[in-house]
Amino acid sequence: QVQLVESGGGLVQPGGSLRLSCVASGSILSIYDMGWYRQAPGKQRELVARITSGGSTNYADSVKGRFTISRDNAKNTVNLQMISLKPEDTAVYYCNAKFPISSINYWGQGTQVTVSS
């Protein structure tokens, strides 16, 4: 049983930056693979960034070089640093935790990111 709460979303201008945070409770986060997903209106949810329990990362091509995922197991937190934001980054961003062996997924409630002038 993992509960995830995202924060840090908001409205920014193109080229701006935001830092999203996901705080977990109910379990020890270090054993989970973590990810950030996003869903824009009319589109399917897509993986933005992933970080495994071992610390390896991967990113969607659309955000490579602009987004950085990190985790702080001591704080039970996963972050997504976003820079050089584009209007196409506008979406609801969701934190995800996956237990590798069972493949059970847990999701946060989402936080809105809007990039607009």
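## Exercises on a predicted all-strand model

Buried residues, meaning those under 20% relative accessible area (exposed is over 50%, partly exposed lies in between, with a 1.4 Å probe and protein chains only), make up 42% of the 117 residues in the protein. This is a predicted model, in which local features need pLDDT of at least 70 and side-chain atom pairs count only at pLDDT 80 or more, while totals for chains, interfaces and linings use all residues. Residues are numbered from 1 along each chain as its sequence is written, and side-chain values use heavy atoms, with hydrogens and water left out.

### Exercise 1: the overall build

Task: State how many helices and strands the protein has, and judge its compactness from the radius of gyration.

Solution. Begin with the elements, where helices (H or I, at least four residues) and strands (E, at least two) are DSSP runs numbered from the N terminus; the protein has 0 helices and 11 strands. Next, take the radius of gyration, which is computed over C-alpha atoms and set against a globule rule of 2.2 Å times the number of residues to the power 0.38. The value is 13 Å, close to the 13 Å that the rule gives for 117 residues, so the protein is as compact as a globular protein of that length. Along the principal axes, the C-alpha atoms fill a box of roughly 40 × 25 × 25 Å. Finally, consider contacts (heavy atoms within 4.5 Å): among those between residues at least 6 apart in sequence, 54% join residues at least 24 apart.

### Exercise 2: charged pairs

Task: Find the salt bridges of arginine 38 and describe the surroundings of the partners.

Solution. Side chains of opposite charge can pair when their charged atoms come close. A salt bridge is a side-chain nitrogen of Lys or Arg within 4 Å of a carboxyl oxygen of Asp or Glu, and the whole structure holds 4 of them. In one, arginine 38 meets glutamate 46 at 2.8 Å, N to O; glutamate 46 is partly exposed at 35% relative accessible area, whereas arginine 38, at 5%, counts as buried. In another, arginine 38 meets aspartate 89 at 2.9 Å, N to O. This second pair links distant parts of the chain, 51 residues apart, since arginine 38 sits in strand 4 (residues 33-39) and aspartate 89 in the loop between strand 8 (77-82) and strand 9 (91-98). Both arginine 38 and aspartate 89 are buried.

Now turn to aspartate 61 and lysine 64, whose side chains form a salt bridge at 3.1 Å, N to O. Aspartate 61 is exposed at 65% relative accessibility, and lysine 64 is partly exposed at 49%. Through shared partners, salt bridges join Arg38, Glu46, Arg66 and Asp89 into one network.

### Exercise 3: strand 1 and threonine 111

Task: Describe the two faces and the pairing of strand 1, and then place threonine 111.

Solution. Strand 1 (residues 3-7) has Leu4 and Glu6 on its covered face, and Gln3, Val5 and Ser7 on the uncovered one. Pairing requires at least two DSSP bridges between two strands; strand 1 pairs with strand 3 (residues 18-25) in the antiparallel sense over 5 bridges, and glutamine 3 stands opposite serine 25.

Threonine 111 lies in strand 11 (residues 111-115) and is buried, with a relative accessible area of 10%. Leaving aside residues up to four places away in sequence, threonine 111 touches several residues, including Glu6 and Ser7 of the chain's early part, Leu20 and Tyr93. A polar atom of the threonine 111 side chain lies 3.2 Å from the backbone nitrogen of glycine 9.

Key:
A polar contact is a pair of N or O atoms within 3.5 Å; within protein, one must be able to donate a hydrogen and the other to accept it, and residues adjacent in sequence count only if both atoms are side-chain atoms.
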